[in-house]
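Please open the model in your viewer with the sequence panel beside it, and follow the selections below in order.

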Amino acid sequence: NWLYRKRVVIDAAKVPNTDQANFPVLINTTHNDWRTVANNGHVEQDDGGDFVFTLGDGVTKLSHEIERYTAASGELVAWVKVPTVYAAVDTLFYIYYGNAAAADQFDTTGAVWSNGFETVYHLNESPADNVAGHADAAKKQPNATPKNFSDGGGGSTNAAGQIAGADHLAGDDDWIDLGGALRQAFGRGSV
């Protein structure tokens with residue numbers, strides 16, 4: 001029942017030496033078709049809940065996490081867990097969208113990050129996300145809490161990052177409290 005799809009091909013020449021198993025692939029692009037219908041695009045749900053990713057067979061669903069979706073521009077920042085990214089042949093998968101009746105396709109269990117990731121903090125939450133601190137995308141740890149960013153030392157929780165938002169630790173006394181066991185494992189200030 002999805003009306004549209006885009007093909008994604010990962011060039012085998014860009015994969016170093018050996019196949020990569022259960023690899024979180026980043027989709028970071030803006031496309032006019034990915035704007036919502038209200039914005040002259042083809043995505044039916046304002047939060048991007050109708051995006052679904054499949055293997056090249058067009059049937060086998062892949063776990064994915066949408067880090068950021070902007071309905072007005074069609075910007076999509078998503079992580080897709082691909083079972084095998086091949087080093088010898090190109091890897092193919094699809095992005096489907098345009099299904100108003102679809103239940104949200106989001107990975108709410110952290111399955112994208114299930115193979116060995118203890119925690120994943122994207123550091124891009126904003127007050128509009130209604131998240132206290134930074135949420136763990138792997139769903140294993142409590143939220144991380146930015147500390148001392150508002151003390152005038154130059155740190156910011158709204159900095160530009162390589163992929164999406166980020167935190168800028170100014171080097172004075174800014175830090176991110178990972179909480180509980182992680183706080184003890186890493187110590188204060190080492191993120």
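Show the molecular surface to begin with: the protein exposes about 10100 Å², of which carbon and sulfur atoms supply 49%, the accessible areas coming from the Shrake-Rupley method with a 1.4 Å probe, where for residues only the protein chains shown count as cover. This is a predicted model, in which local features need pLDDT of at least 70 and side-chain atom pairs count only at pLDDT 80 or more, while totals for chains, interfaces and linings use all residues. Residues are numbered from 1 along each chain as its sequence is written, and side-chain values use heavy atoms, with hydrogens and water left out.

Next, colour by pLDDT, the predictor's confidence in each residue on a scale from 0 to 100. The protein averages 84, and 85% of the residues score at least 70. Select residues 184-191, where pLDDT stays under 50 and the model has eight contacts beyond four places in sequence, a contact meaning heavy atoms within 4.5 Å. Where pLDDT is low, the predicted coordinates should not be read in detail.

Switch to a cartoon. The secondary structure comes to one helix and 11 strands, where helices (H or I, at least four residues) and strands (E, at least two) are DSSP runs numbered from the N terminus. Read along the sequence, the pattern is β-β-β-β-β-β-β-β-β-β-β-α. Among the contacts with a separation of 6 or more, 63% are between residues 24 or more positions apart.

Now select strands E2 (20-30), E5 (64-70) and E6 (75-85). These three strands form an open sheet in the order E2-E6-E5, with antiparallel pairing, two strands being paired if DSSP finds at least two bridges between them. E2 and E5 stand at the edges with a single partner strand each, so one side of each is left without a neighbour in the sheet. Neighbouring strands of this sheet are turned by 20 degrees against each other on average, direction ignored; the axes behind this value are lines fitted to C-alpha atoms, for helices over the stretch in contact, and angles run from 0 to 180 degrees between N-to-C directions. Zoom in on E2 and E6, which pair in the antiparallel sense over 10 bridges, and find Val25, which stands opposite Val80 in E6.

Staying on E2, select Asn22, which is in this strand and has a positive phi of about 50 degrees although it is not a glycine. Most residues other than glycine have a negative phi, and most peptide bonds are trans. Asn22 is partly exposed, with a relative accessible area of 32%, where buried means under 20%, exposed over 50% and partly exposed in between (1.4 Å probe, protein chains only). Then move to Asn17, in the loop between E1 and E2, which is likewise not a glycine and has a positive phi of about 60 degrees; Asn17 is exposed, at 79% relative accessible area.

Which residues touch the most other members of the largest nonpolar core? Select Ile27, Trp34, Phe51, Phe53, Leu76, Phe93 and Ile95, which do so within a core of 21 residues. A nonpolar core is a set of buried Ala, Val, Leu, Ile, Met, Phe, Trp, Tyr and Cys residues joined through side-chain atoms within 4.5 Å. E6 gives the most to this core, with five residues. Centre on Phe51 and, not counting residues up to four places away in sequence, its contacts include Trp34, Val43, Ile66, Leu76 and Ile95. A second, separate core of six residues includes Trp113, Val120, Ala137 and Ala138. Over the protein, buried residues make up 40% of the 191 residues.

Select Val52 in strand E3, which is buried at 5% relative accessible area. Not counting residues up to four places away in sequence, Val52 touches residues including Trp2, Lys61, His64 and Gln105. Then go to Thr36, in the loop between E2 and E3, which at 2% relative accessibility counts as buried; beyond four places in sequence, its contacts include Gly41, Asp46, Tyr69 and Ala71.

As a last stop, show E9 (residues 156-160) and E10 (residues 165-168), antiparallel strands joined by three bridges. A hairpin joins E9 to E10 through four residues, and the bridge partner of Ala160 in E10 is Gly165.
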